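Let's take a walk through this one, from the empty spaces inside to the residues around the ligands. Keep the viewer open as you read.

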Amino acid sequence: MQIGDTSPTILVTGGAGYIGSHTVLALLEGGYQVVVLDNLCNSSEEALRRVEALTDGAIDFVCGDVRDSAELERIFTRFEIAAVIHFAGLKAVGESVRSPLAYYQNNVEGTLSLCQAMQKAGVKKLVFSSSATVYGANAPVPYRETYPRGNSSNPYGRSKAMVEQVLEDICTADASWSVASLRYFNPIGAHPSGLIGEDPLGIPNNLMPFIAQVAVGKLPELAIFGQDYPTDDGTCIRDYLHVMDLAEGHVAALRRLSVAGIAYFNLGTGQGYSVLDIVQAFERVTGRKIAYRFAERREGDLPAFWADASKAKKDLGWSASRGLDEMMADTWKWQSKNPKGYRG
Ligand code: NAD
Ligand code: UD1
């Protein structure tokens, strides 16, 4: 799919969410038209209004559920959709252990109903939000796309691995499908305007929004989960990437969807940082002190992983260009301008 193709229209499920809203912005800036389907269970329509303001663009928003086949059929009838980017789903690991049905329903059943509607409409180009979690607990680092999917320790991770298998089978059965399954590492940061960013409901599960909320005074201190991991400073290592780099990775993947079959891509920087590295970088860049204490390890956390990001560079022409300082500065700009998120 080329940009010159007279503004193709992309359906973005979950487009009001954290990564979705940044990707919608990158799509509009890349000359695409966008239809968003989102049930707003973990997001706000305000994110889309702000994307429109930032890009001077217009988004067709449908408030609905990706499991609603009739709604999907209406969308494919009303709009001439060229391809779909599928973000819609639930993503909290701990919650997935407590509520597995909700995770399989939203993440697996949701993708099945989407693919059925796509098949019916003859739209067979899909970019899927997968995760580094599909490599499981025993893969050596850096993670490479050639590794088999491993065993995930929780229903969230298993739902992503199941969906990858489903998509692989669809592509095997019908060579006219083209799918890019993007395995994200740890997206953080926000658009440099500070107008859109990550707005978790309740107490954040993830490191970066937790740090940002300590910095803004909403939370008293960060608990660092574990200080006895086999890493240089004893804290876990992850591959953090700027959400705008990740958003641009989706546009790069869309352009590749003329190739038949399924392809997997790691979207990460290829560089790992520890939890303490992140705390120190945030303090250095923003000048805010982060109160922290060490706590027990969090169940299911792996000591260290990062991406081999060379395939995305070679095949998509994409690599992350924003460094840790930019990730910290943009996180802080978003959090300090919007201490209550979109509800402020
Ligand atoms: P998010 O919760 O901000 O965005 C998900 C969006 O999907 C939300 O707007 C939510 O309202 C919507 N949604 C959920 N279920 C829906 C349904 N049944 N029908 C319609 N809309 C629905 O999360 P995010 O961080 O932007 O993640 C987007 C995708 O990327 C998810 O699939 C997630 O699993 C995946 N992912 C995220 C990360 C991460 O670190 N954030 C890492 C790897 C993979
Ligand atoms: C987690 C999920 C992963 C999911 C991703 C995005 C787990 C085990 N993994 O990744 O499947 O795709 O979120 O939703 O939950 N940390 C602290 N204190 C905190 C929060 C985090 O020390 O309050 C540490 C964690 O131990 C980890 C690092 O910070 O070492 C990053 O954590 P997080 O942001 O939750 O990401 P992941 O655990 O890598």
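What follows covers cavities, cores, ligand surroundings and two single residues.

Bear in mind that this is a predicted model.

**Cavities**

Start with the holes. Searching the whole structure turns up 2 cavities of 30 Å³ or more. The largest holds about 70 Å³ of space, and the second largest has a volume of about 50 Å³.

Which residues line the largest cavity? They are Tyr18, Ile188, Gly189, Glu198, Met208, Pro209, Ala212, Thr331, Trp334 and Gln335. Helix H7 (207-215) and helix H11 (324-337) each put at least two residues into that lining. Sorted by class, the lining of the largest cavity comes out as 6 nonpolar, 3 polar and 1 charged.

The second largest cavity has another mix: 3 nonpolar, 4 polar and 4 charged residues. Its lining includes Asp199, Pro200, Gln213, Lys218, Asn338, Pro339, Lys340 and Gly341. Glu198, Trp334 and Gln335 are also part of the lining of the second largest cavity, and these three residues appear in the lining of the largest cavity as well.

**Nonpolar cores**

Now for the packed parts. The largest nonpolar core has 44 residues, and Leu27 and Leu254 make the most contacts inside it. Helix H8 (residues 243-255) gives this core its largest share, with 8 residues. There is also a second, separate core of 25 residues, with Leu37, Leu72, Val108 and Val179 among them.

**Around the ligands**

Ligand 1 is surrounded by 27 residues, of which Asp38, Asn42, Ser43, Lys91 and Asn106 are the closest. For ligand 2 the number is 21 residues, and the ones that come nearest are Leu207, Ala223, Arg238, Arg298 and Asp301.

Here are some polar contacts for both ligands.

| Ligand atom | Protein partner | Distance |
|---|---|---|
| Ligand 1, nitrogen | Asn39, polar backbone atom | 3.2 Å |
| Ligand 1, oxygen | Phe87, polar backbone atom | 2.8 Å |
| Ligand 1, nitrogen | Asn106, side-chain N or O atom | 2.8 Å |
| Ligand 2, oxygen | Asn186, side-chain N or O atom | 2.9 Å |
| Ligand 2, oxygen | Asn206, side-chain N or O atom | 2.9 Å |
| Ligand 2, oxygen | Arg298, polar side-chain atom | 2.8 Å |

Two residues show up twice here. Asn106 is one of the closest residues to ligand 1, and a side-chain N or O atom of Asn106 is 2.8 Å from a nitrogen atom of that ligand. Likewise, Arg298 is among the residues that come nearest to ligand 2, with a polar side-chain atom 2.8 Å from a ligand oxygen.

**Two residues to click on**

Is Thr286 buried or exposed? Thr286 counts as buried because its relative accessibility is 16%, and the cut-off for buried is under 20%. Thr286 lies in helix H9 (residues 275-286). Its side chain reaches the backbone oxygen of Phe282 at 2.7 Å and the backbone nitrogen of Arg288 at 3.2 Å.

Ala295 is the other one, found in strand E13 (residues 292-295). With a relative accessible area of 22%, Ala295 is partly exposed. Try drawing a line from Ala295 to Ile224: the two are 71 residues apart in sequence, but their C-alpha atoms are 5.6 Å apart in space.

How values were computed. Residues are numbered from 1 along each chain as its sequence is written. Chains are lettered from A and ligands numbered from 1 in the order in which they are written. This is a predicted model: local features need pLDDT of at least 70, side-chain atom pairs count only at pLDDT 80 or more; totals for chains, interfaces and linings use all residues. Side-chain values use heavy atoms; hydrogens and water are left out. On a 1 Å grid over the protein atoms alone, a cavity is a set of points where a 1.4 Å probe fits but cannot get out, and a pocket is an open set with protein on both sides within 12 Å along at least five of seven lines; lining residues have an atom within 4 Å of a point. Grid points are joined across faces, edges and corners, and a volume is the space filled by probe spheres set on the points. Helices (H or I, at least four residues) and strands (E, at least two) are DSSP runs, numbered from the N terminus. Ala, Val, Leu, Ile, Met, Phe, Trp, Tyr, Cys and Pro count as nonpolar, Asp, Glu, Lys and Arg as charged, and the others, Gly among them, as polar. A nonpolar core is a set of buried Ala, Val, Leu, Ile, Met, Phe, Trp, Tyr and Cys residues joined through side-chain atoms within 4.5 Å. Buried means under 20% relative accessible area, exposed over 50%, partly exposed in between (1.4 Å probe, protein chains only). A residue is near a molecule or strand if one of its heavy atoms lies within 4 Å of it. A polar contact is a pair of N or O atoms within 3.5 Å; within protein, one must be able to donate a hydrogen and the other to accept it, and residues adjacent in sequence count only if both atoms are side-chain atoms.
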